[in-house]
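Reader: I'd like to walk through this model with you, one question at a time. Can you keep it informal and show me the reasoning behind each answer?

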Amino acid sequence: MKISYVVAETPGSVALKTVDYDPETLKPDEVLLKNEYSIISAGTERAWIMGNSNNPGQHFPFHPGYSASGRVAAIGSEVTNLKVGDRVLITWGGHRSYTVKKAYSVFKITDDSIDLLDAAFAHIVSFPMLGIRRLRLEIGESVMIAGQGILGVIALQIAALSGAV
């Protein structure tokens with residue numbers, strides 16, 4: 001089978017690559033996941049791709065993408081918590097058509113009313129949500145959110161829902 005993925009091989013140089021993958025090489029504790037939606041964090045990913053990240057651990061090649069959803073396409077022989085066809089969250093898997101992950105690290109979506117597009121936002125939403133929760137806002141308090149990228153817009157919505165004005 002073919003797996004396509006986005007990679008920044010050097011700062012500012014991004015490519016869509018395709019590799020062959022044999023599902024028979026899946027380790028006993030791994031799952032093969034078919035990505036259906038992958039959320040782009042434009043500010044963060046652009047900074048990393050351009051080599052402007054404030055993270056001292058930045059290196060290339062860099063594989064952007066950390067918040068996605070999809071379905072289980074295959075399971076390793078020892079996997080018992082997931083089955084083929086299960087809907088799942090895919091974290092830190094990159095923007096790619098398929099991802100291989102350890103089964104224990106995959107969160108199964110058990111509520112069928114949750115759309116996979118909405119579910120793809122779950123991981124990225126956790127960052128601003130935890131930040132706003134740490135503020136312990138009281139109803140009517142003011143808050144300033146610097147930046148209105150995807151994380152800033154989500155933080156603004158969560159702050160408003162928490163009672164900020």
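**Salt bridges, strands and helices**

Author: Let's begin with charges: a network of salt bridges links Lys83, Asp86 and Lys108. Keep in mind that this is a predicted model.

Reader: Within that network, how far apart are N and O where the side chains of Lys83 and Asp86 meet?

Author: Asp86 has a relative accessible area of 6%, so it counts as buried. Its side chain meets that of Lys83 in a salt bridge, and the N to O distance is 2.9 Å.

Reader: Which residue forms a salt bridge with Lys2, and is that partner buried or exposed?

Author: There are six salt bridges in the structure, and one of them joins Lys2 to Asp20, with 2.7 Å between the closest N and O atoms. The pair links distant parts of the chain, since Lys2 sits in strand S1 (residues 2–10) and Asp20 in strand S2 (residues 13–20), 18 residues apart. Lys2 is at 53% relative accessibility and so counts as exposed. The partner is Asp20, and with a relative accessible area of 59% it is exposed.

Reader: And what is the relative accessibility of Lys17, which forms a salt bridge with Glu9?

Author: The closest N and O atoms of Glu9 and Lys17 are 2.8 Å apart. Glu9 counts as partly exposed because its relative accessibility is 37%. Lys17 is also partly exposed, at 30%.

Reader: On to the sheet: which are the edge strands?

Author: The sheet is open, has five strands and runs in the order S6-S3-S4-S5-S7, with antiparallel pairing. An edge strand pairs on one side only, and that picks out S6 and strand S7 (107–108).

Reader: Which residue is the bridge partner of Leu32 in S6?

Author: Strand S3 (residues 30–38) pairs with S6 in the antiparallel sense, over five bridges. Among the residues of S6 (residues 98–102) is one that is in contact with Tyr21, Leu26, Glu30, Val31 and Leu32, leaving aside neighbours within four places in sequence. The bridge partner of Leu32 is Val100.

Reader: Is Val100 buried, partly exposed or exposed?

Author: The cut-offs are under 20% for buried and over 50% for exposed. Val100 has 32% relative accessibility, so it counts as partly exposed.

Reader: What makes up the largest nonpolar core, and how many residues does it have?

Author: In general, nonpolar side chains of soluble globular proteins tend to be buried together. Here the largest core is made up of Val31, Leu33, Ala68, Val72, Val79, Leu82, Val88, Ile90, Ala103 and Val106. S3, S4 and S5 each supply at least two of these residues. The core has ten residues in all.

Reader: How many residues are in the other core, the one that lies apart from it?

Author: That core includes Leu137, Ile154, Ala155 and Ala164. Two of these, Ile154 and Ala155, are among the buried residues of H4. The residue count for this core is seven.

Reader: How wide an arc do the buried residues of H4 cover?

Author: The buried residues of H4 are Gly152, Ile154, Ala155, Ile158 and Ala159, and what covers them includes H3. On the other side of H4, Gln157, Ala160 and Leu161 are exposed. The buried ones lie on the same side of H4 because their arc around the axis is only 160°.

Reader: What about backbone oddities: which peptide bond is cis?

Author: As a rule, most peptide bonds are trans, and most residues other than glycine have a negative phi. Pro61 is in the loop between helix H1 (42–49) and strand S4 (67–75). With omega near 5°, the cis bond is the one from Phe60 to Pro61.

Reader: And what is the phi of Trp92?

Author: Trp92 is in the loop between strand S5 (87–91) and S6, and at 55% relative accessibility it counts as exposed. Trp92 is one of the contacts of His123, a residue of helix H3 (residues 122–135) that counts as buried because its relative accessibility is 19%. Although Trp92 is not a glycine, its phi is positive, at about 55°.

Definitions and conventions. Residues are numbered from 1 along each chain as its sequence is written. This is a predicted model: local features need pLDDT of at least 70, side-chain atom pairs count only at pLDDT 80 or more; totals for chains, interfaces and linings use all residues. Side-chain values use heavy atoms; hydrogens and water are left out. Helices (H or I, at least four residues) and strands (E, at least two) are DSSP runs, numbered from the N terminus. Buried means under 20% relative accessible area, exposed over 50%, partly exposed in between (1.4 Å probe, protein chains only). Contact means heavy atoms within 4.5 Å. Two strands pair if DSSP finds at least two bridges between them. A nonpolar core is a set of buried Ala, Val, Leu, Ile, Met, Phe, Trp, Tyr and Cys residues joined through side-chain atoms within 4.5 Å. The arc is that of the directions from the helix axis to the C-beta atoms. A salt bridge is a side-chain nitrogen of Lys or Arg within 4 Å of a carboxyl oxygen of Asp or Glu.
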